[in-house]
Amino acid sequence: MMNVMNYKDIIGQKAVIDSLKNSIANNMVSHAYLFEGPEGIGKKTIAGIYANALLCETGLPEPCGKCRSCVQYRTGNHPDVKMIRISDSSSIGVDDIREFKQDVYVKPYESTKKIYIIDSADKMTIQAQNSLLKVLEEPPAYAVIILISVNSSLLLPTIRSRVVTVKFRIHPYREIEHFLKVHYSHLESQIPFISAFSGGVIGRAKEIAESEQFRDMRQRVFQIGMDFLDMDESKVLNHVSFFVENKHHADTILDILLSWFRDVLFMKELHDDQMVINIDMKRELSAFSQKTPRRSVVRIIDIILDIKRKISMNANFNLAIETMLIQSWEEIHGRGSRSAI
């Protein structure tokens with residue numbers, strides 16, 4: 001079960017928090033919610049606090065953290081709150097929802113409510129969604145069901161019409177930068193990059209700040225970028241092994257590579273570093289920018305985006321990376337480009 005926190009510990013999401021607190025204060029708690037927003041934005045954390053508050057013996061909008069119910073929740077032993085997660089099949093199947101349905105019609109053991117949090121609800125199979133729909137159509141009065149989703153378009157319209165949708169917004173750049181300065185001051189030179197690269201998602205910023213592996217990958221990716229300038233064509237494919245060894249992080253690695261070339265483009269177009277993400281690599285970016293034609297940079301950005309798309313569609317990974325590296329090298333050295341895979 002999620003660690004108990006207080007709303008005051010949450011960065012941003014004021015509108016969401018105020019709405020949830022008001023629902024308790026005004027006795028207008030819905031039977032079902034859909035918490036939607038990017039991964040790492042705080043949906044599960046806030047769902048946990050809300051569940052805790054709904055079960056708290058004080059009846060106040062925020063959990064007291066001291067009553068029997070709060071203690072049970074904090075230790076993961078509260079009998080009236082359940083978490084439904086993705087099974088081994090990488091989805092939530094109909095059997096998972098059948099088990100939930102059997103439990104939901106059993107009255108609460110200790111509290112006045114029973115809370116169900118369905119994580120990654122957009123990973124429910126169609127059969128599972130149809131099974132859940134029957135509960136949403138006639139929910140028991142004591143049940144509160146919270147669906148957590150990155151992409152609600154994957155849920156049936158009939159499900160979306162029977163829940164209260166709560167939208168989680170990305171955090172402003174300055175909010176994330178302040179958070180990093182307070183909690184990760186030792187990364188001072190990298191904080192502007194982490195803030196920008198997080199895409200406004202506080203969980204992602206935290207994950208990057210705490211990952212030495214990410215920092216190592218970033219340095220390696222930038223070295224590959226710089227190598228394009230002086231590397232002989234016969235050595236281009238020597239970098240394929242790095243991508244293969246880190247295949248599970250391919251999307252992140254390609255995003256880092258994209259940030260490099262987008263920064264180069266900003267420096268060429270605007271002659272200003274205000275839009276640069278990798279500001280701690282300003283000197284290297286400037287050197288690269290001076291030696292690379294604008295059209296080549298634009299073309300390489302298109303190449304990387306195309307390879308990201310093809311990898312997401314399960315194209316041959318090794319061939320995709322080889323194609324990207326060769327085409328990028330050819331663009332930088334004025335050799336044109338080969339046809340895409």
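User: When two helices pack together, which angles count as roughly antiparallel?

Analyst: Angles over 145 degrees count as roughly antiparallel, and those under 35 degrees as roughly parallel. In this predicted model, helix α14 (residues 294–312) and helix α15 (residues 317–332) cross at roughly 175 degrees, with axes that come within 9 Å, and α14 and α15 are therefore roughly antiparallel to each other.

User: Which residues make the contact between α14 and α15?

Analyst: On the α14 side they include Ile 300, Ile 303, Ile 304 and Ile 307, and on the α15 side they include Phe 317, Ile 321 and Met 324. By class, the residues of this contact of α14 with α15 divide into 10 nonpolar, 3 polar and 3 charged.

User: How should I read the pair α4 and α5, which pack at an angle of about 15 degrees?

Analyst: The same cut-offs apply: helix α4 (residues 94–104) and helix α5 (residues 126–137) have their axes 8 Å apart at that angle of about 15 degrees, and they are therefore roughly parallel to each other. In addition, α4 passes α5 in a left-handed crossing, and the contact includes Ile 97 and Phe 100 of α4 together with Leu 132 and Val 135 of α5.

User: Which residues touch the most other members of the largest nonpolar core?

Analyst: Of the 55 residues in that core, these are Leu 180, Phe 243, Phe 261, Met 324 and Leu 325, while helix α12 (residues 250–270) contributes the largest share, 11 residues. Leaving aside its neighbours within four places in sequence, Phe 261 is in contact with Phe 228, Phe 288, Val 297, Ile 300, Ile 301 and Ile 304. Apart from this core lies another, of 28 residues, among them Ile 10, Tyr 33, Phe 168 and Val 201.

Notes. Residues are numbered from 1 along each chain as its sequence is written. This is a predicted model: local features need pLDDT of at least 70, side-chain atom pairs count only at pLDDT 80 or more; totals for chains, interfaces and linings use all residues. Side-chain values use heavy atoms; hydrogens and water are left out. Axes are lines fitted to C-alpha atoms, for helices over the stretch in contact, and angles run from 0 to 180 degrees between N-to-C directions. Helices (H or I, at least four residues) and strands (E, at least two) are DSSP runs, numbered from the N terminus. Angles under 35 degrees count as roughly parallel, over 145 as roughly antiparallel, 65 to 115 as roughly perpendicular and the rest as oblique. A crossing is left-handed if the near helix is turned anticlockwise from the far one by less than a right angle, and right-handed if clockwise. Contact means heavy atoms within 4.5 Å. A nonpolar core is a set of buried Ala, Val, Leu, Ile, Met, Phe, Trp, Tyr and Cys residues joined through side-chain atoms within 4.5 Å. Buried means under 20% relative accessible area, exposed over 50%, partly exposed in between (1.4 Å probe, protein chains only). Ala, Val, Leu, Ile, Met, Phe, Trp, Tyr, Cys and Pro count as nonpolar, Asp, Glu, Lys and Arg as charged, and the others, Gly among them, as polar.
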